[in-house]
Amino acid sequence: MTVTAAVAPQLMVNPRLEILGGHRLSGELRVSGAKNSALVLMAACLLSTQPLRLRNIPPLTDIAAMGEILGAFGVKVERGADWIELDGAHLTHSTAPYELVNSLRASFFCIGPLLARLGVAKIPLPGGCQIGSRPVIEHVRGLKALGAQVTIDHGVVSAVVPGRGHRLHGGHIHLECPSVGATETLMMAAALADGETVIHNAALEPEVVDLASLLIAMGGKVRGAGTPTITIVGVERLHGADYAVIPDRIEAGTFLLAAAITRSELRVAPLIPDHLGAVLSKLEEAGCSLEADGIGMTIRADRIEALDLRTQPFPGFPTDLQAPFMSLLATASGTSMVVETIFENRLQHVAELQRMGASIRMQGNTAFVEGVARLSGAPVQGTDLRASAAMVLAGLAADGTTSVQGLEFLDRGYADLEGKLNSVGAVIRRVHG
Ligand code: EPZ
């Protein structure tokens, strides 16, 4: 009887970034358009029968996914290098395919404009993700306040506007938490509703203000964006627009942290200081010097001090920069306290930093980070978009080589991160398979 030796399955390693740490950076990093604005602005195309052209669009996998989902509703999508044109003249469907929604939570933003335009929408529940359960109850409650009948059955949110004309009506909405997505969904639903809508306890994020600016450019009547009370007076129709998305404040913050963790001097542009107030304040508290020049900002860092950090809704410290900032604190002098208050499971990067020699003690949603002189390179895994970025930053400062897996997350929010960092002196290569 011949026995064939079992052939060890070829170890298929996921694509990863190999980072050789210890290199100082210098020069300028260019910031792309804001992912978390572009995605919701793309959904706004459903509100108009005329084409919407959005500029400063980042080349990210999430943007491509949103384009696919809009295409499934009948939107004609044309993409350029950093622009996208969306023509919603002839919508053919009001149901989003599950497999597409499952790949991109932000597709849930379509429910508001679809309801406003067609009076009907069926969107699978976006479901949770690594960082939390991500409920959408605030979106649903608000749509009901505007006259929609909403049921959730077998994982699908079905909404319909009863009555003649199937048109939403204005209303008063009190959000229980200042949800960014709920605020944006309800602004778009209210834009074509019959009457006035007031959203109380609205999110204050710059991406909400960007959406308001777009709706106004489309002929909408919106005031108060950026304050807790947003008033929208519905109009009969919205026309097309040609609009440039704001710079990505989270990418900009990540780049500032790349300079800080490598104790370098870098210019980051474009960057709107008001979009990053809490982050800039914490970087200065850590010992960095920052100089704005009207377009971008130059950061200089040599000694980094420990500090305490608590994530909050805007204008507080953004949860999306909590993990990247913790990488910096892992190399600071002294012990820092980091509290994550927005998402219930957004501290998974702690275990990965510990693999690199970070000294961190956990207590519920709080991490006590005792800075160490040098992190040591190791194979690590990014568990969500921003945790992956945090591991790249840690790798820049670590002794030796760090191998970061989880690029499927990273590529959702950072366009060619390794290319940009290598252009200022980092040594990173993307290894496939
Ligand atoms: C947006 O998500 C961003 N995503 C997130 O960025 C960001 O972390 C988050 O805002 C907070 O700033 C996009 O804009 C596409 P929320 P969103 O609704 O709208 C709770 C990234 O890395 N909540 O403001 O989903 C929720 O559980 C991503 O770029 C309810 O309780 O965030 C969370 O604890 C990650 N009920 C808190 O509010 C609801 O109905 C903030 O969520 C809705 C939300």
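# Strands, helices and voids: worked exercises

Strand E19 (residues 359-363) and E20 run antiparallel, joined by five bridges. This is a predicted model: local features need pLDDT of at least 70, side-chain atom pairs count only at pLDDT 80 or more, and totals for chains, interfaces and linings use all residues. Residues are numbered from 1 along each chain as its sequence is written, and side-chain values use heavy atoms, with hydrogens and water left out.

**Exercise 1.** Work out the strand partners of E20 and find the residue with positive phi in the hairpin of E19 and E20.

Solution. Start with the terms. Strands (E, at least two residues) and helices (H or I, at least four) are DSSP runs, numbered from the N terminus. Two strands pair if DSSP finds at least two bridges between them.
- Take E19 and E20. Ile 360 stands opposite Val 369 in E20.
- Now turn to the hairpin of E19 and E20. Two residues lie between the strands, and Gly 364 has a positive phi near 65°.
- Add strand E18 (residues 335-339). Five bridges join E18 to E20 (residues 366-370), and the two run antiparallel. Val 338 has Ala 367 as its bridge partner in E20.

**Exercise 2.** Which strands stand at the edges of the sheet with E9, and why is one side of each left without a neighbour?

Solution.
- Write the order. Four strands form an open sheet, E9-E10-E12-E11, with mixed pairing.
- Read off the ends. Strand E9 (172-174) and strand E11 (221-223) are the edges; each has a single partner strand, so one side of each has no neighbour in the sheet.
- Get the twist. On average, neighbouring strands of this sheet are turned by 15° against each other, direction ignored. Axes here are lines fitted to C-alpha atoms, for helices over the stretch in contact, and angles run from 0 to 180 degrees between N-to-C directions.
- Check one pair. E11 and strand E12 (residues 229-233) run antiparallel with three bridges. Lys 221 faces Val 233 in E12.
- Place the helix. Helix H6 (residues 180-191) packs on the sheet and touches E9, strand E10 (196-200), E11 and E12. The direction of H6 makes about 25° with that of E12. Contact means heavy atoms within 4.5 Å.

**Exercise 3.** Do the same for the open sheet with the order E21-E22-E1-E23.

Solution.
- The sheet has four strands and mixed pairing.
- Strand E21 (379-381) and strand E23 (428-431) are at the edges; each has a single partner strand, so one side of each stays without a neighbour in the sheet.
- The twist from one strand to the next averages 25°.
- E21 runs parallel to strand E22 (residues 401-405), with three bridges between them. Gln 381 stands opposite Gln 405 in E22.

**Exercise 4.** Describe how H1 packs against H7.

Solution.
- Geometry: helix H1 (residues 35-43) and helix H7 (residues 206-217) pack at about 35°, with axes 9 Å apart.
- Hand: the crossing of H1 past H7 is right-handed. That means the near helix is turned clockwise from the far one by less than a right angle; anticlockwise would be left-handed.
- Residues: H1 gives Asn 36, Ser 37, Val 40 and Leu 41, while H7 gives Glu 207, Asp 210, Leu 211 and Leu 214.
- Classes: four are nonpolar, two polar and two charged. Ala, Val, Leu, Ile, Met, Phe, Trp, Tyr, Cys and Pro count as nonpolar, Asp, Glu, Lys and Arg as charged, and the others, Gly among them, as polar.

**Exercise 5.** How many cavities of 30 Å³ or more does the structure hold, and what lines the largest?

Solution. On a 1 Å grid over the protein atoms alone, a cavity is a set of points where a 1.4 Å probe fits but cannot get out; a pocket is an open set with protein on both sides within 12 Å along at least five of seven lines; lining residues have an atom within 4 Å of a point. Points join across faces, edges and corners, and a volume is the space filled by probe spheres set on them.
- Count: four cavities.
- Volume of the largest cavity: about 40 Å³.
- Lining of the largest cavity: Val 31, Pro 247, Asp 248, Arg 249, Ala 252, Pro 270, Leu 271, Ile 272, His 275 and Leu 276. Seven are nonpolar, one polar and two charged.
- Follow Pro 270. A cis peptide bond joins Ala 269 to Pro 270, with omega about -10°. Pro 270 sits in the loop between strand E14 (265-269) and helix H9 (277-285).

**Exercise 6.** Which residues lie closest to the centre of the second largest pocket?

Solution.
- The second largest pocket has a volume of about 280 Å³.
- It has 15 lining residues; closest to its centre are Ala 116, Arg 117, Leu 192, Glu 236 and Arg 237.
- Its lining has five nonpolar, six polar and four charged residues.
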